[in-house]
Amino acid sequence: LAPFETEITRVATTARDDEHGHIHGIDELSELLPNTDILVLIVPLTDSTRGLIGAKELALLPDGALVVNVARGPVVDTDAITAEVVAGRLRMASDVFDPEPFPDDHPLWQADGAFISPHIGGNTTAMLPRIVALLADQLPRLADGRELKFVVKS
């Protein structure tokens, strides 16, 4: 997200600093959420992340905030996010839910603030030929010391 000139607040299990700056500890989440416009969840599903974002945490987000779950479904309480999105207070984008498969009659399918994408990643018939073409172009560039295409951060 850095190339898009966003202000990024990183959170991990424990607070620490690295070459990119400060990383907040998960114990600071309740202090950080009220100032969070977009919450992006990228965590593994473990006992400590199951239900990480529930009604309490969602209530701390400002009106209009966007919750993006690219982790696993059970990281976000489905009932809690549904209530907030259906009420129009929050927005969400996700390809995973609890339960999976997501019921056809679930209210989020019709909610204006919900973006639900298929959980398929790059698994299409177009992926292999595109990867082969990209590698066929990039590898000689790398070997010859030429500039690589599509570099986000060198």
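Trainee: Is Asp63 buried or exposed?
Mentor: This is a predicted model, where local features need pLDDT of at least 70, side-chain atom pairs count only at pLDDT 80 or more, and totals for chains, interfaces and linings use all residues. Residues are numbered from 1 along each chain as its sequence is written, and side-chain values use heavy atoms, leaving out hydrogens and water. Buried means under 20% relative accessible area, exposed over 50%, partly exposed in between (1.4 Å probe, protein chains only). Asp63 has a relative accessible area of 63%, so Asp63 is exposed.

Trainee: Which residue forms a salt bridge with Asp63?
Mentor: A salt bridge needs a side-chain nitrogen of Lys or Arg within 4 Å of a carboxyl oxygen of Asp or Glu. Here the closest N and O atoms are 2.9 Å apart, and the partner of Asp63 is Arg89.

Trainee: Which residue is linked with Asp63 and Arg89 in a network of salt bridges?
Mentor: Look for another side chain that meets Arg89 in a salt bridge; one does at 2.7 Å, N to O. With a relative accessible area of 15%, that residue is buried. The network with Asp63 and Arg89 takes in Glu84.

Trainee: And Asp144, which residue does that one form a salt bridge with?
Mentor: Asp144 counts as exposed, at 53% relative accessibility. The partner counts as partly exposed, at 42%. The closest N and O atoms are 3.4 Å apart, and the partner is Arg146.

Trainee: How many salt bridges does the count come to?
Mentor: Asp63 with Arg89 is one pair, and Asp144 with Arg146 is another. By this rule the count comes to six.
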